[in-house]
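Trainee: Could you take a close look at one part of this model with me, a single buried spot in a loop? I would like to see what surrounds it and how those surroundings fit into the rest of the chain.

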Amino acid sequence: MKKTTEGWEILQSGYKIFDEKRHYEDKFAILLSENCSFAAAGTAHLGQSPLADKPANWHGKGYHYSTSEQVHDLWHWKAVRTNKMHLADDNFIGKPDKVRPGARRYTAGYQQDSKESGAYRMNWKWYSPTTITPKRLPAKTDQLAPYQYSLPHSQSPDWTISWFDYQPYSSSHDQFPLGTLMPSVLYTSNRFEGDRADVRARGIWRDGHWSLELVRKLDTGSSQDIPIVDGICMWVSAFDRAQIAHTRHSRAIQLSFDKTL
């Protein structure tokens, strides 16, 4: 977010249509399924309106959803939002979800696993493509100092902020100079708890590349997860500072475990 003459604005080029490709985080996704069909186990449905009775998507690229009762496991590591938690967001692809009144984005079958607690939030009261009102501001003006300088990636500051280190927004406290940058991701706790926290993950950026390790039990016992057994199929996707645009491959990677281990 950036302070301008009109107020605070979200730095964005495609965020309005959920297709940001510049001011976003790197991400990595793994899809696991008992189904090894093309198009990500048959969950990729392209076009503006693949579901006639559901809202069209904003970006025209399609939806992920299951056409059967089968659940597909999705691990979603996010360089800003979940890396500090040492987690990947444990999600799943299932049947198209119901339309929720007031929700700006419909995600069809792409949904989050259940959780007991833990969250991150965006630091604005209501989204707008022009100006927004932050939910919270720093209690001390020097808290934003590290974000005002262009640094190498390896030295860049953590772009998450703590809910508890900031205070509720008020115009009397909003005395920051024009051009001030402020992170938009608020941590209300330091990690998820429950099914959504089943995948441990940590990425390290070095020499222009990410090194990422992910760990999960072979069988979590959750109905929203897929047990990892011989023959399970896997797809991987990298997101280069992109909200939804990612790499893809047509054929699945089928897992095979050495029985002698």
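Mentor: Happy to, and let's settle one term before we begin: a strand here is a DSSP run of E with at least two residues, numbered from the N terminus, and a helix is a run of H or I with at least four. Keep in mind, too, that we are looking at a predicted model.

With that in hand, go to Asp174, which lies in the loop that links strand E13 (166-168) to strand E14 (185-187). Is Asp174 buried or exposed? Its relative accessible area is 12%, and the cut-off for buried is under 20%, so Asp174 counts as buried.

What does Asp174 touch, once residues up to four places away in sequence are set aside? The partners are Lys3, Trp8, Leu137 and Tyr169. Two of these names lead us straight to a sheet. Lys3 falls within strand E1, residues 2-4, and Trp8 falls within strand E2, residues 7-9. Together with strand E10, these strands make an open, antiparallel sheet of three, ordered E1-E2-E10. E1 and E10 (131-132) are its edge strands, each with pairing on one side only. Between E2 and E10 there are two bridges, again in the antiparallel sense, and Trp8 itself stands opposite Ile132 of E10. When you inspect such a sheet, remember that side chains in a regular strand alternate between its two faces.

Leu137, another contact of Asp174, sits in strand E11, which spans 136-138. The loop between E10 and E11 holds Lys135, and that residue is well worth a stop. Lys135 has a relative accessibility of 25% and is therefore classed as partly exposed. Beyond its neighbours within four places in sequence, Lys135 contacts Arg121, Met122, Asn123, Trp124, Lys125, Trp163, Gln167, Pro168, Tyr169 and Leu186. Tyr169 is on this list, and Tyr169 is also among the contacts of Asp174. Pro168 is 33 residues away from Lys135 along the chain, yet their C-alpha atoms are separated by 6.0 Å.

For a second example, let's move to Ala40, in helix H1 (residues 38-42). Ala40 has a relative accessibility of 15%, so this residue is buried too. Outside four places in sequence, Ala40 is in contact with Leu31, His64 and Trp235. His64 is 24 residues away in sequence, with a C-alpha to C-alpha separation of 8.8 Å from Ala40.

Leu31 and Trp235 point us to another pair of strands. Leu31 belongs to the range of strand E3, residues 27-33, where six of the seven residues are buried. Trp235 belongs to the range of strand E17, residues 233-239, which runs antiparallel to E3 and is joined to it by seven bridges. Within that pairing, Leu32 has Met234 as its bridge partner. E17 is largely enclosed by the rest of the structure, because five of its seven residues are buried. E3 also has six bridges to strand E6 (residues 72-78), antiparallel as well, with Lys27 opposite Lys78. E17, for its part, pairs with strand E18 (residues 253-254) in the antiparallel sense over two bridges, and there Cys233 is partnered by Gln254.

Finally, let's step back to the whole chain. The secondary structure comes to one helix and 18 strands. Of the 261 residues, 40% count as buried. Among contacts between residues at least 6 apart in sequence, 67% join residues at least 24 apart. The radius of gyration is 20 Å, which agrees with the value near 18 Å for a compact globule of 261 residues. Along the principal axes, the C-alpha atoms fill a box of roughly 60 × 45 × 35 Å. The chain exposes about 14500 Å², with 52% of that supplied by carbon and sulfur atoms. As for charges, there are 33 positive and 29 negative ones, and their mean positions are 5 Å apart.

Conventions
Residues numbered from 1 in each chain as written. Predicted model: local features only at pLDDT ≥ 70, side-chain atom pairs only at ≥ 80, totals over all residues. Heavy atoms only, no water. Pairing = 2+ DSSP bridges. Buried < 20%, exposed > 50% of the residue type's maximum accessible area, 1.4 Å probe, protein only. Contact = heavy atoms within 4.5 Å. Rg over C-alpha atoms; globule rule 2.2 N^0.38 Å. Areas by Shrake-Rupley, 256 points an atom, 1.4 Å probe, with all protein chains shown as cover. Lys, Arg positive; Asp, Glu negative; His and termini not counted. Charge placed at Lys NZ, Arg CZ, Asp CG, Glu CD.
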